[in-house]
Every structure is written in C-alpha cells, then in structure tokens.
Amino acid sequence: MSKTVVYAVGGNALSPPGETSGDEHALVLAKVMSDVVDLLEAGWSVVLTHGNGPQVGELMSLDVDVSHPMDEWVAATQGMIGHTLSLQLNSILKHRHRPERTAVVLTRVIVDETDSAFDLPTKPVGPILSAQEVMERDWDIATTVNGPRRVVASPSPKSILDLDVIRTLVEQRAVVICGGGGGIPVMESGRQYNGIPAVIDKDRLSSLLAVDLQAEALIISTGVPAVYTNFGQEDQCEHRHLTVDEAQQHLDDGQFPAGSMGPKVNSMIDAIRALPTMRSILCQPGDALSAMRGDAGTTLSQDD
C-alpha cells in the first residue's frame with residue numbers, strides 16, 4: 001500500500017497577480033507539476049488541492065449582473081483549474097510512461113451555520129466596487145487597501161461531503177485534484193444541502209482532508225522557502241524544523257500574520273495534533289522531495 005500525501009498549492013501559483021509575467025507563472029506551475037511527478041516516482045499517492053482567489057475575483061468582475069451566487073463561483077473555478085491541471089499532468093504522466101491518471105473531484109464541504117465567522121464576515125472577494133455598487137448591493141462590504149470590496153464569512157470546514165469518493169480514487173492510484181478554493185461551502189438542512197456565500201481557507205481544508213485520509217504527509221506549497229520568525233528583519237530566522245509547541249508559541253507571539261503565514265502554520269499544527277504520525281511540511285514549489293528529506297522547507301512534528 002502506497003503512502004498518501006496531500007499537496008496544497010496556492011491560487012497565486014496557478015494564476016499570479018498582474019505584475020507577475022506569464023513566463024514566471026509557467027515556471028511556478030512547472031515546479032508544481034515536477035513536485036507531483038517526483039512524489040509519484042518516490043512511491044507516494046498524491047492528492048492535489050489548490051487555491052482559487054485570483055480566478056474567482058476575475059470571474060466575479062465579469063459578472064455584471066451578479067447573477068451567480070458565491071458557491072457557484074467556487075464550483076466554476078474548481079472545474080476550470082482542475083481541468084487545466086489535469087490536462088498538463090496527464091500529458092506529463094503519459095510522456096513519462098507512468099500508469100497514473102488524474103481525477104478531478106468537485107468538492108463540497110459542510111460548514112456549521114453557528115460558526116462565529118458568520119457573525120463578522122471578513123474575507124474580501126471579487127473586484128473593487130464603485131460608489132454606486134456599494135449603495136445598491138445587499139452585501140457585507142469592507143474598505144480594503146485598494147478600495148471597497150464585498151466580504152464574506154470564512155467558516156471552518158466541518159466535514160468533506162465527497163471524502164469517500166476521494167478516498168476510493170486514491171486507492172485506485174489516481175492523482176486526485178480536489179478541494180479547490182477550500183471546497184464549495186454547503187450547509188445541511190434536513191435532507192437538503194444548500195450552497196452558501198462563504199469562502200473556506202484552502203489550507204485548513206487541506207489539513208482536514210489529510211487527517212480524514214489518514215495521510216502520511218501534508219505539504220503546503222507557498223511563495224517562501226520556509227517558515228521564518230522576524231520575517232523581513234535583519235535578525236530573521238529560517239526554521240528547518242519546529243515542534244508543534246514552538247510553532248504555536250510563535251503564532252501566539254504574532255510572528256505569523258493572519259493574512260499570510262498564520263493560516264498555513266495553524267493548519268499544519270491542526271494536522272499534527274489530530275494525527276501525530278503525519279509529516280506536516282511547508283516549502284516552495286519545486287522543493288517537495290527535498291523538504292520530505294528535511295533538506296528544504298519547514299517540517300512540523302509533535303516532538304523534537
């Protein structure tokens with residue numbers, strides 16, 4: 001039986017902000033593909049999750065009539081991104097004469113209607129709004145650095161509706177692409193599931209998925225080589241290894257901002273606490289195997 005790794009890649013890696021060139025985007029994506037193939041060749045079964053922030057924002061900016069609810073935009077970007085990743089990865093696998101093929105799973109995630117995140121929505125989504133739109137739209141709106149934007153809740157993932165399907169595909173040695181954008185948030189009401197206007201953090205979902213699959217490893221791929229304390233300062237320190245308690249202390253001390261590294265480290269901590277035997281790793285695209293060996297990135301563990 002092969003070991004399973006959940007590999008999470010950010011939405012910016014798949015479609016970076018405008019100032020990033022197409023060549024840089026292609027390079028990052030190539031490194032992600034290389035990581036996946038390297039892991040397969042090392043004997044791992046790979047479950048690939050991904051962000052969707054830039055893609056959702058772009059689609060919502062085109063929806064002039066605002067006719068689609070938020071959960072449908074998450075579903076749409078899951079399909080778009082999954083399709084792109086699947087084509088590229090299948091092409092590489094065929095060229096390498098590997099037996100695996102990809103499977104894209106539209107992933108629904110149940111959240112709790114009593115989650116405190118619904119009391120104060122804070123997650124910006126979609127484009128900058130005009131003054132007229134601010135007046136006309138029945139949305140929660142907040143002022144951001146670039147201007148007013150719609151904000152929605154970011155509740156914790158409670159359970160993954162499509163978990164059994166994902167697990168079966170992993171057992172069949174498929175490279176499963178799932179959990180896009182943190183999953184499509186749904187609530188359960190009696191016999192019915194309903195999509196809701198919310199955004200689930202991709203790393204928190206990836207952590208839950210890794211635990212539910214009893215995966216041997218969780219890799220969070222991001223734009224920095226490792227976890228740093230005092231980041232950007234003269235005395236910044238790169239950490240190759242942290243215990244859960246050390247990471248929690250740095251988190252409590254404000255070393256990892258809520259808008260960037262905080263959710264990633266939190267998700268890594270949650271994974272280890274729920275499944276202490278798991279390897280929880282953060283690294284940049286292209287470093288997955290080196291990070292598995294402890295030669296790159298940051299590995300969290302229960303003890304020293």
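The questions and answers below concern a predicted model.

Me: In which order do the strands of the open sheet lie?
Reply: The open sheet is formed by eight strands, and their pairing is mixed. From one strand to the next the twist averages 20°. The order is β3-β9-β2-β1-β12-β16-β17-β15.

Me: Which are the edge strands of this sheet?
Reply: An edge strand here pairs on one side only. That applies to the strand at residues 102–104 and to the one at residues 241–243. The edge strands are β3 and β15.

Me: Over how many bridges do β1 and β2 pair?
Reply: Strand β1 covers residues 3–9, and β2 covers residues 44–50. The two pair in the parallel sense, with tyrosine 7 opposite leucine 48 of β2. The number of bridges is seven.

Me: Which residue in β12 is the bridge partner of alanine 8?
Reply: Strand β12 spans residues 217–221 and runs parallel to β1, joined to it by five bridges. Opposite valine 5 stands alanine 217 of β12. For alanine 8, the bridge partner in β12 is isoleucine 220.

Me: How many of the residues of β1 are buried?
Reply: Strand β1 is mostly covered. Helix α7, residues 202–212, lies across β1, β2 and β12. Helix α6 also touches β1. Of the seven residues in β1, the number buried is six.

Me: What angle does the direction of α6 make with that of β9?
Reply: Helix α6 is made of residues 163–171 and packs on the sheet. The strands it touches are β1, β2, β3 and β9, the last at residues 175–177. Its direction and that of β9 make an angle of about 155°.

Me: Is serine 280 buried or exposed?
Reply: Serine 280 has its place in strand β16, residues 279–283. Among the residues it touches are Leu218, Ala271, Ile272 and Thr299. Its relative accessibility is 0%, and the cut-off for buried is under 20%, so serine 280 counts as buried.

Me: Which residue has its backbone oxygen 3.4 Å from a polar atom of the serine 280 side chain?
Reply: The contacts of serine 280 include Met268, Thr298 and Leu300. A polar contact requires N or O atoms within 3.5 Å. The backbone oxygen at 3.4 Å belongs to methionine 268.

Me: How many residues apart in sequence are the parts that aspartate 162 and arginine 108 tie together?
Reply: The side chains of these two residues meet in a salt bridge, 2.8 Å from N to O. Aspartate 162 lies in the loop between β8 and α6, whereas arginine 108 is in strand β4, so the pair ties together parts whose separation is 54 residues.

Me: Which residue of that pair is buried?
Reply: Arginine 108 has 33% relative accessibility and counts as partly exposed. The relative accessible area of its partner is 8%, under the 20% cut-off, so the buried residue is aspartate 162.

Me: What is the N to O distance in the salt bridge between glutamate 238 and arginine 240?
Reply: Glutamate 238 is partly exposed at 37% relative accessibility. Arginine 240 is also partly exposed, at 34%. Their side chains meet in a salt bridge with an N to O distance of 3.1 Å.

Me: Which residues are joined into one network by salt bridges that share partners?
Reply: The whole structure has nine salt bridges. One of them is between lysine 202 and aspartate 203, at 2.8 Å from N to O. The network with shared partners consists of Arg98, Glu100 and Arg173.

Key. Residues are numbered from 1 along each chain as its sequence is written. This is a predicted model: local features need pLDDT of at least 70, side-chain atom pairs count only at pLDDT 80 or more; totals for chains, interfaces and linings use all residues. Side-chain values use heavy atoms; hydrogens and water are left out. Buried means under 20% relative accessible area, exposed over 50%, partly exposed in between (1.4 Å probe, protein chains only). Helices (H or I, at least four residues) and strands (E, at least two) are DSSP runs, numbered from the N terminus. Two strands pair if DSSP finds at least two bridges between them. Axes are lines fitted to C-alpha atoms, for helices over the stretch in contact, and angles run from 0 to 180 degrees between N-to-C directions. Contact means heavy atoms within 4.5 Å. A polar contact is a pair of N or O atoms within 3.5 Å; within protein, one must be able to donate a hydrogen and the other to accept it, and residues adjacent in sequence count only if both atoms are side-chain atoms. A salt bridge is a side-chain nitrogen of Lys or Arg within 4 Å of a carboxyl oxygen of Asp or Glu. Lists of a residue's contacts leave out its neighbours within four places in sequence.
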